[in-house]
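Thank you all for coming; I would like to walk you through one model this morning, and I will go from the ligand outwards. Please have the display open while I talk.

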Amino acid sequence: MADTQTLEKPAGQKTEHFDVLIIGAGISGVGAAYHLKEQCPDKSFVVLESLESFGGTWHMHRYPGIRSDSDLYTFGYRFKPWTGAPIASAEEILSYMGEVIEENNLNDHIRYGHKITSANWSSDEQLYRLEGVRTDTGETVHFTANFLWMCQGYYRHSEGYTPDWEGMDDFAGEIVHPQTWPEDLDYKGKNVLVIGSGATAATLVPAIAGDCSHVTLLQRSPTYFIPGRNENELADQLRVLDIDESWIHEITRKAILYQQADFTRRAFEEPEVVKEELLAGVREYLGPDFDMDTHFTPKYLPWRQRIAFVPDGDIFEGVKSGKASIVTDEIERFTKKGILLKSGKELEADIIVTATGFNLSVLGDINFSIDDKPLNFADTVTYRGMMFTGVPNLVWVFGYFRASWTLRVDLLGDFVARLLNHMKAKGVKSVTPALREEDEDMELLPWMDPENFNPGYLMRSMHLLPKRGNKPDWQHTQDYWAEKDELPKIDLDDPIFVYK
Ligand SMILES: Cc1cc2nc3c(=O)[nH]c(=O)nc-3n(C[C@H](O)[C@H](O)[C@H](O)COP(=O)(O)OP(=O)(O)OC[C@H]3O[C@@H](n4cnc5c(N)ncnc54)[C@H](O)[C@@H]3O)c2cc1C
């Protein structure tokens, strides 16, 4: 099926056909394109991206200080060595991705400014019919594809999540969400209030503190952080020995993943000990007199939400120097001058930044249907967090929370390539996951166990996501260390896979 055809549509519009259509040119889509080209060279494919460039998250987020919160030895692809400091800025990540695109001639396969709006699987034709819009001209575009590789991420890029607080319209200053940071925002000499406690807030506060009159971080409840130096001793040592960068990449990745596995295991086996260790790391920066209980002691156990690495403890240095302060309280309402807290205190601000998270987007806000019947993904059961019962020829790349997202991009790259090659060898056109006889009575649960992982955007939108079963086959286990061995061994002739 390696043909790229152009079919004439009655209205004069053309429909282009590809064997595989990848949606999104973020770190997942570019990785998917690489693996497809490497492992299935006979397949025709296109990557459709609604933005005007590649990078997704790293292209969209423009707030000061934007950087990764995990190390680039594992957030980078396994096939392209990372040679810089472990924590990288968005600019460095984009430049790395740009090299991957260029070195592998992927540019000819990517079309920017193409937003897909609907996808209908036709059982008669055994393909998807997709409709989209060109964001530059407004023109409607049509594609057909045998297989959809969904790399659209997990949150809506056009707007972040801001709770609807009372009195927001009364505020005389500017309200900004980090996801849509205005390029010309002038915060120099201003009083800035950042609402939030996650990685974004922790990055933003030290990045702007030097220029602002004062920055206040307002959080409802604290988060765990891991402060440390932005360097990897092992990689640096290997560099001194003039070891080849591809070896350094592989060895450093293995070492980091080994340490992370140990940390994750301990977070579940001895959460109180790990909690104390994490708090001690922060206390080292802030000193014994700082009110750690109120501001830096989370209510949840470690690893139930992402833990941000804080290079050189920069946010704590900001707090210690007095350029930044931290308030842990709840918002009663916005006022003309700032925010009135439940405690009765009022925080004044010229600019309020709502670093309050994302809106989940299930499969790129695309209207999916099967034989013209609307598809509700919440009615499906997920096969390993990547495929869905009753949905043919579709894989969604949803990475890891406790390990770098990209580790799964590579693993799923291998899986999809193996699946496509298997289908070719079998001479079949479609594969649809289905519950086996032994799965029929399986208890169906929400996508993610809140006891296991519970960030706000998932909790708010769980009802939109596919169901999970109580067996590893039927859930996204979030366990890289198990999946790295399990995924390559999946038996593609298991009755879970129904071929046609
Ligand atoms: C500020 C920030 C920092 C992060 N740091 C880390 C980190 O350090 N480590 C980590 O593991 N994870 C991190 N994450 C999570 C991060 O989002 C993922 O790791 C990863 O970048 C997601 O890549 P992706 O390609 O799957 O999705 P995205 O980066 O979201 O890219 C998806 C792309 O698909 C496009 N798209 C969506 N819908 C459509 C459509 N209908 N038609 C056409 N195109 C479409 C979008 O425009 C976008 O370009 C971070 C997230 C944020 C917001």
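How many nonpolar, polar and charged residues does the shell around the ligand have? By class there are 11 nonpolar, 17 polar and 3 charged residues, where Ala, Val, Leu, Ile, Met, Phe, Trp, Tyr, Cys and Pro count as nonpolar, Asp, Glu, Lys and Arg as charged, and the others, Gly among them, as polar.

Before I go on, two remarks on the source: this is a predicted model, in which local features need pLDDT of at least 70 and side-chain atom pairs count only at pLDDT 80 or more, while totals for chains, interfaces and linings use all residues. Residues are numbered from 1 along each chain as its sequence is written.

Of the 31 residues around the ligand, the ones that come nearest are G24, G26, G56, G153 and G364, a residue being near a molecule or strand if its C-beta atom, placed from the backbone, lies within 6 Å of it. Two elements, helix 1 (27–39) and strand 5 (114–122), give two or more residues to this shell, and helix 1 gives the most, with 3 residues; helices (H or I, at least four residues) and strands (E, at least two) are DSSP runs, numbered from the N terminus.

Let me turn to the open sheet, which 5 strands form in the order 8-17-9-10-13 with parallel pairing, two strands being paired if DSSP finds at least two bridges between them. Its edge strands, each pairing on one side only, are strand 8 (174–176) and strand 13 (324–328). Within the sheet, strand 9 (residues 191–195) and strand 10 (residues 214–219) run parallel and are joined by 5 bridges, and L193 has T216 in strand 10 as its bridge partner.

Further along the chain there are two hairpins. In the hairpin that joins strand 14 to strand 15, the link is 3 residues, and these strands, residues 331–334 and residues 338–341, pair in the antiparallel sense over 3 bridges, with I331 standing opposite L341. Strand 15 also forms a hairpin with strand 16, with 4 residues between them, and G344 in that turn has a positive phi of about 100 degrees; here G338 has E348 in strand 16 as its bridge partner.

To finish with the whole chain, its secondary structure comes to 13 helices and 24 strands, and along its principal axes the C-alpha trace spans about 70 × 55 × 50 Å.
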